[in-house]
Amino acid sequence: MQTPGSQSSLHRANLERVVRAVRLAGSLTQAEIARATGLSAATVSNIVRELKEAGTVEVIDTSAGGRRARSVSLSGDAGIVIGVDFGHTHLRVAVGNLAHQVLAEESEPLDVDASWVDGFDRAEALVGRLIEGVGVGRDKVIGVGLGVPGPIDVESGTLGSTAILPGWAGINPRQELSQRLGVPVYVDNDANLGALGELVWGSGRGVKDLAYIKVASGVGAGLVINGQIYRGPGGTAGEIGHITLDESGPVCRCGNRGCLETFAAARYVLPLLESSHGPDLTMERVVELARDGDPGCRRVITDVGRHIGSGVASLCNLLNPSRVVLGGSLAEAGELVLTPIRESVGRYAIPSAARQLSVLTGSLGGRAEVLGALALVLSEMGDSTLLAENGLGVRAPAVMSSVR
């Protein structure tokens, strides 16, 4: 038994600090681990050696700043995590290891509004197929990250807002998938997971404060403050799509008038082009035509960008993020949509906030949410299981270095 303040409990705490730092980053040099944990270089060196001998981490020689260094990552066979992303028209699943490597990924069409039972049946089958494909046992699955296109009630864990997913309202997606797969499930909305995906793997790397704006059938934002997703006490932070732009504007699905969503989301934008381009137009096709020079589509993309920029300006004035990353199908328009966003930010945001802001498209495309689901598991899972499986931290080493 370890007593608080004992040498063995201190050693255990230091092991967990190192494992957590590596787990969240994917890989770090020993010098970076020391900076991230506040431990001395000698302590980090001893702990990394112990973790390597136990098979918990892998160490490879590399270079940093022109100097030789040792890169540390969690062992590829220490366990796997699963990401599941339900979009309005697709299901996407990815399998990754604790070293932040994606081992398998697949997507298939899915009408998420049709039936939640069918959706979870399909997800369960696809997860099983991918696990079998990478050749690992189900006992190696540590957890599953689940993304849904709607708000999650923080207290009950159920899906709210019947206007977004009418067939899913009131169900507990975390509980449902956990019962099916027999492992812990962590759930969040698609915008938050998009933010996590871009933060860990994409256009958000290197910053601690950003907003990920997803424009699809709705408009939402994932907010990262000081490196952490901010959800708010009720889990509804980031509903940028319901900022009022025109109180006499179109009626929104939320019941208000003139929300940003009514000027930018696909369900409101596509009818503007129906008379000239036909009823089967998609936002992906609008972007494609705009890039090819179609004047009507270019005008619509520009107007949407201008409206999004107004919402981003409000976000800048409130939170002052250093980066805004645009995701969803609209992001494929590139500078056609980024330029009017930046112009609106320059017009409506506080000058100092606008100067510090960079606006760019996400680099992960449609994969942002499922990779964010992997990142969610990697950020939420505990380290005790990893250490216990390898018998680590149960006794104090013969020599202990002090905490710096």
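**Buried cysteines, a mixed sheet and its helices**

Cys316 is buried, with a relative accessible area of 2%. This residue belongs to a predicted model, and Cys316 takes part in no disulfide. The cysteine sulfur nearest to that of Cys316 belongs to Cys259 and lies 20 Å away. A disulfide is a covalent bond between the sulfur atoms of two cysteines. A search of the whole structure returned zero disulfides. Cys252 is likewise in no disulfide, although the sulfur of Cys254, the nearest cysteine sulfur, is 3.8 Å away. Because a disulfide requires two cysteine sulfur atoms within 2.5 Å, the 3.8 Å between the sulfurs of Cys252 and Cys254 does not qualify. Cys252 is also buried, and its relative accessible area is 4%.

An open sheet is formed by five strands, arranged in the order β6-β5-β4-β7-β8 with mixed pairing. The edges are occupied by β6 (residues 102-109) and β8 (residues 185-189), each of which pairs on one side only. On average, neighbouring strands of the sheet are turned by 15° against each other, direction ignored. Within the sheet, strand β4 (residues 80-86) runs parallel to strand β7 (residues 141-148), and the two are joined by six bridges. In this pairing, Val84 is placed opposite Leu146 of β7.

Two helices that pack on the sheet are described here. Helix α4, spanning residues 116-134, touches β4, β5 (residues 90-97), β6 and β7. The direction of α4 makes an angle of about 150° with that of β6. Helix α14, spanning residues 368-380, also packs on the sheet, where its contacts include β4, β5, β6, β7 and β8. Relative to the direction of β4, that of α14 is set at about 135°.

Helix α14 also packs with helix α1 (residues 7-25), at an angle of about 175° and with the two axes 9 Å apart. Helix α1 is therefore roughly antiparallel to α14, since angles over 145 degrees are counted in that class. On the α1 side, Arg20, Arg23 and Leu24 take part in the contact, where they meet Leu378, Ser379 and Glu380 of α14. Sorted by class, the residues of the contact between α1 and α14 comprise two nonpolar, one polar and three charged.

How values were computed: Residues numbered from 1 in each chain as written. Predicted model: local features only at pLDDT ≥ 70, side-chain atom pairs only at ≥ 80, totals over all residues. Heavy atoms only, no water. Pairing = 2+ DSSP bridges. Helix = DSSP H or I, 4+ residues; strand = E, 2+ residues; numbered from the N terminus. Axes fitted to C-alpha atoms, helices over the stretch in contact; angles between N-to-C directions. Contact = heavy atoms within 4.5 Å. Parallel < 35°, antiparallel > 145°, perpendicular 65-115°, else oblique. Nonpolar A, V, L, I, M, F, W, Y, C, P; charged D, E, K, R; others polar. Buried < 20%, exposed > 50% of the residue type's maximum accessible area, 1.4 Å probe, protein only.
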